[in-house]
2 protein chains.
Amino acid sequence: MVSKVKLNDSNSTRVPAEALQTQLSSIFEAVGCTSRHAEIAAKVLVAASVRGVDTHGVANVVGYSKNAADGTYTVPQETRVISESETTALVSGGNGIGLVSAYEAMEIAIEKAKKHGLGMVSIKDGHHVGMVAYYASMALEHDMIGMSMTTAAPAVRPALGAKKMLGTNPIGFAAPAGEERDFFLDMATSTVASGKVGLARRIGVPIPAGWGVTIPDGGEITSPPDGENETWALNPLGNTREQGSHKGYGLSVMVDILCGVLSGGGFSSKLDRGENMSWVMAIDIGKFRDIDDFKAMMDDMIRELHDTPPLPGAERVLVPGDPEADAMDDRLANGVPVENGQYAAIRERAAEVGVEVVI
Amino acid sequence: MVSKVKLNDSNSTRVPAEALQTQLSSIFEAVGCTSRHAEIAAKVLVAASVRGVDTHGVANVVGYSKNAADGTYTVPQETRVISESETTALVSGGNGIGLVSAYEAMEIAIEKAKKHGLGMVSIKDGHHVGMVAYYASMALEHDMIGMSMTTAAPAVRPALGAKKMLGTNPIGFAAPAGEERDFFLDMATSTVASGKVGLARRIGVPIPAGWGVTIPDGGEITSPPDGENETWALNPLGNTREQGSHKGYGLSVMVDILCGVLSGGGFSSKLDRGENMSWVMAIDIGKFRDIDDFKAMMDDMIRELHDTPPLPGAERVLVPGDPEADAMDDRLANGVPVENGQYAAIRERAAEVGVEVVI
């Protein structure tokens, strides 16, 4: 089975999160980001690595900073409000670094929610936002519920369809608990995120039937395909008609509507690789009920879910956010393991853009 | 394969939608609903039947009106606002008919969205709301996007879990198109809705592996179980770890948070059978961008999805809402087919409560 590559002392180097923040921020600033934007971009990538979501983590500074340097991303960038109401905004990410646009959009949503209960922002002219649930989780410290979505160029077929038409179009959702760990959902609307197929290819293991099919004949794939091309597609969550593929597909189109059509930036099949439209929302819990009562009920729910007897062969029932919180506990205490090849690449990139290597 | 029971001239009777509206409304009024609430409850049930969602359709007037008559549901009922802000409300459904509470909650959300861009209502003290996407679709005529969710007592196991802990916790989402038919998503977060298992039992056909498992050993079920009990559970959408069961599970808990925890009415495993907490949201599209431009892009997206080449063996690629719109075209023109046993039961119930039988 394909799971995460286990990082250990022989294949990775532990680096304190603070040093990563400093290093990434200095690289982003060296390629033209404002210091505030450099800090934001670094913060989002470090947060993903700290939570164990390494595919969206610190190694991405290399590609992102190259895109900024060569003009693929526009820096310095501006998150420009095109239209807004008390509770809503349509913003242009100005074709800058996606992490920054989504972060600033969620700041706008939170400010609106503080004043009026709810805030929602749809984002056009955007690029890759990394771990989408990061933006949802920004709501937590304000005692709010957060939700976030993002699109991408086609990688996934519609239910019954034999062509890539949709991005993996992930959904993020975060809600604060009290004594328990916060609820944190980060999920692609495809059976599996693209990164897992690439991972299987790199480490040379088969993938389970159900993740993707050959195009146009719909044959099962168990050998990870060699990169993104038109000969195969990921399946929508549910995979087959009988197992609910119309549901994963339907959720994916919902993401396209909120991110791409509501913003006017375009739905998945109009997007080029590297283009991503996004959407964020903040909900002020205190406008509905007492926040401590809400958190106490969250705790109660999370405990009941943890106490569910597991299926034979399963160790325990998790709550969305548990794996990320486990990783965070370890990585904040012991440093963030950075795979050795990526560690070298980040150091090399720092030297290349002329900043001090501090990791 | 289990699909919908095909209603035809030998097993059903076609009744004009208007006659069903009159009949159901008179029954609800006879058992103590106000005339406005009787009309609403009838309208939601007739809409489900017109759209071909017969499990949530007109036949439910029998059980609902009995619940109202015997005090299980409180009628006349009041949708009482417990707390509110410009954009949000927490309401009590007063333990009345769930259809009415959810309808009135969505009216509140739409009014708030008209004034402030967004409206969101979480509903406690509620009962069964029928076809959940109905409430989302109420937004369409106001050029808004609608979203709706509802919970239920446990029927579904968590990912990796061997106990029913979650309702089928469905999600509804609707967005207006221009010349094309509106986008309309109505999906349980389990692999399959409970009604399909009951249907397979009634018509005596096996169910596909993947819909449910035996409890506590997790064995596959292909013979439809004999009703709701503790010996089996539905699977979350995704079913297995490798196919993304944590995603269906995660979405289900998200529904519990917005409906049950945000309202304070309680999450699934605290609910008795017949208790349902709900949540609705309205988004004023015009606050983001020109509504005609939005609808034109929706049309473009829907056409591209329809034009997707189908997998071998599949007829065509659908867009969520197509099956319901096809049923609506037929049923508004030719009458709503009501299965003969249910037709007799509705007529009998009308006579029982002392109203004229008009169907």
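## Worked exercises on salt bridges and packing

Arg331(A) is buried in this predicted model, with a relative accessible area of 9%.

**Exercise 1.** Determine which residue Arg331(A) meets in a salt bridge, and which parts of the chain the pair links.

*Solution.* Begin with the side chains: those of Arg331(A) and Asp54(A) meet in a salt bridge, at 2.9 Å from N to O. Next, place the partners, for Arg331(A) belongs to helix H9 (residues 322–334) of chain A, whereas Asp54(A) sits in the loop between H2 and H3 of chain A, 277 residues apart. Finally, compare each partner with the cut-offs, under which buried means under 20% relative accessible area and exposed means over 50%. Arg331(A), at 9%, is therefore buried, while Asp54(A), at 24%, is partly exposed.

**Exercise 2.** Work out why the salt bridge between Arg181(A) and Asp329(A) ties together separate parts of the chain, and name the network to which these residues belong.

*Solution.* The closest N and O atoms of Arg181(A) and Asp329(A) are 3.4 Å apart. Because Arg181(A) lies in the loop between strand E6 (171–175) and strand E7 (183–187) of chain A, and Asp329(A) in helix H9 of chain A, the pair ties together parts that are 148 residues apart in sequence. As to accessibility, Arg181(A) is partly exposed at 30%, and Asp329(A) is likewise partly exposed, at 49%. Both residues are linked with Arg316(A), Asp322(A) and Asp326(A) in a network of salt bridges.

**Exercise 3.** Describe the open sheet of chain B, and show how helix H4 of chain B is placed on this sheet.

*Solution.* The sheet has seven strands in the order E2-E3-E4-E10-E5-E6-E7, with mixed pairing. Its edge strands are E2 (80–84) and E7 (183–187) of chain B, each of which pairs on one side only. Neighbouring strands are turned by 15 degrees against each other on average, direction ignored. Helix H4 (residues 98–116) of chain B packs on the sheet, where it touches E2, E3, E4, E5 and E10 of chain B, and its direction makes about 155 degrees with that of E4(B). A salt bridge joins the side chains of Glu84(B) and Lys112(B), at 2.8 Å from N to O, with Glu84(B) in strand E2 and Lys112(B) in helix H4 of chain B.

**Exercise 4.** Decide whether Arg349(B) is buried or exposed, and list its contacts beyond the neighbours within four places in sequence.

*Solution.* Arg349(B) has its place in helix H10 (residues 340–352) of chain B. Its relative accessibility is 7%, so Arg349(B) counts as buried. Leaving aside those sequence neighbours, Arg349(B) is in contact with Ile27(B), Val31(B), Val62(B), Ser65(B), Lys66(B) and Ala69(B).

Conventions: Residues numbered from 1 in each chain as written. Chains lettered and ligands numbered in written order. Predicted model: local features only at pLDDT ≥ 70, side-chain atom pairs only at ≥ 80, totals over all residues. Heavy atoms only, no water. Pairing = 2+ DSSP bridges. Helix = DSSP H or I, 4+ residues; strand = E, 2+ residues; numbered from the N terminus. Axes fitted to C-alpha atoms, helices over the stretch in contact; angles between N-to-C directions. Contact = heavy atoms within 4.5 Å. Buried < 20%, exposed > 50% of the residue type's maximum accessible area, 1.4 Å probe, protein only. Salt bridge = Lys/Arg side-chain N within 4 Å of Asp/Glu carboxyl O.
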